[in-house]
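Student: I've got a model open and I'd like to know how the labels people put on it are justified. Can we go through them one by one?

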Amino acid sequence: MATLLHGQEATSAWVACWSHLLPAGCSVLDLACGHGRHMHHFAGLGHAVIGVDRNPDAIAAVSRLGETICADIENGPWPLVGRKFGGVIVTNYLWRPLWPHVLQSLGPNGVLIYETFSAGNETVGKPSRPDFLLNPAELLSACKDLRVVAFEEGFLDRPERFVQRIVAVCETGSAQTPARYPLIS
């Protein structure tokens, strides 16, 4: 989780750290966007942003930032069929049946930045149901067909939580030389 910044939750440190990998000016999907902390971040970096959430009040609050879609993505149809994005951002959200849609939403050289709770979190707070906690290395398995640039799994404090997070690229495979993904030192 992030701290509050001017009354609004700040960008996830993981998302901020890896934002530089997204292609310049690409469209960015913020899935389960809530009140749009990542929409704010990417719009500020010059990206076209698309936010999806089931909460109509949250969607109304961020509609000025870019395209917004109010949809129950757990019980309804996927609202972005056929659309591709240069970046897909998912934080603090897990609904495994959506993984094929999320991965298919990545355009050529699109970047997935995903961070959510993992097994062990039930010992320190919520979410605590196994349905909402990643199994060990589960994000690595889900992203097996992507180029993984960064992966972490472990415990964070302030607030205490167990997380898993990944940055992965949908490489096109057409490059003559290997892509250079600048790492954070």
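Tutor: Sure. This is a predicted model, and we can start with Pro 127, which sits in the loop between S7 and H5.

Student: What makes the peptide bond from Lys 126 to Pro 127 cis?

Tutor: The omega angle: for that bond it is near 0 degrees, and the bond is cis. There's also a cis bond joining Arg 158 and Pro 159, with omega about -10 degrees. Pro 159 is in the loop between strand S8 (147-156) and S9.

Student: Why point these out at all?

Tutor: Because most peptide bonds are trans, and most residues other than glycine have a negative phi. On the phi side, look at Ala 32, with a positive phi of about 55 degrees, and Asn 109, at about 60 degrees. Neither is a glycine. Ala 32 lies in the loop between S3 and helix H2 (37-44), while Asn 109 is in strand S7.

Student: Why is Ala 32 called partly exposed?

Tutor: Buried means under 20% relative accessible area and exposed means over 50%. Ala 32 comes out at 22%, so it counts as partly exposed. Asn 109, at 35%, therefore gets that label too.

Student: What makes S5 and S8 edge strands?

Tutor: Check the order in the open, mixed sheet of seven strands: S5-S4-S3-S6-S7-S9-S8. Strand S5 (67-70) and S8 each have a single partner strand, so one side of each has no neighbour in the sheet. The twist averages 10 degrees from one strand to the next.

Student: How do you know that S8 and S9 pair?

Tutor: The cut-off is at least two bridges between the strands. S8 and S9 have nine, in the antiparallel sense, so they qualify as a pair. Glu 152, for instance, stands opposite Arg 165 in S9.

Student: And which residues have the most contacts inside the largest nonpolar core?

Tutor: Ile 73, Val 88, Leu 112 and Tyr 114, in a core of 27 residues. Elements giving two or more residues to this core include strand S6 (85-91), helix H4 (99-104) and strand S9 (161-169). A second, separate core has 22 residues, among them Leu 21, Cys 33, Leu 65 and Ile 89.

Student: What is Ile 73 in contact with, leaving aside its neighbours within four places in sequence?

Tutor: Leu 31, Val 52, Trp 78, Pro 79, Tyr 93 and Leu 98. Contact here means heavy atoms within 4.5 Å.

Notes
Residues are numbered from 1 along each chain as its sequence is written. This is a predicted model: local features need pLDDT of at least 70, side-chain atom pairs count only at pLDDT 80 or more; totals for chains, interfaces and linings use all residues. Side-chain values use heavy atoms; hydrogens and water are left out. A nonpolar core is a set of buried Ala, Val, Leu, Ile, Met, Phe, Trp, Tyr and Cys residues joined through side-chain atoms within 4.5 Å. Buried means under 20% relative accessible area, exposed over 50%, partly exposed in between (1.4 Å probe, protein chains only). Helices (H or I, at least four residues) and strands (E, at least two) are DSSP runs, numbered from the N terminus. Axes are lines fitted to C-alpha atoms, for helices over the stretch in contact, and angles run from 0 to 180 degrees between N-to-C directions.
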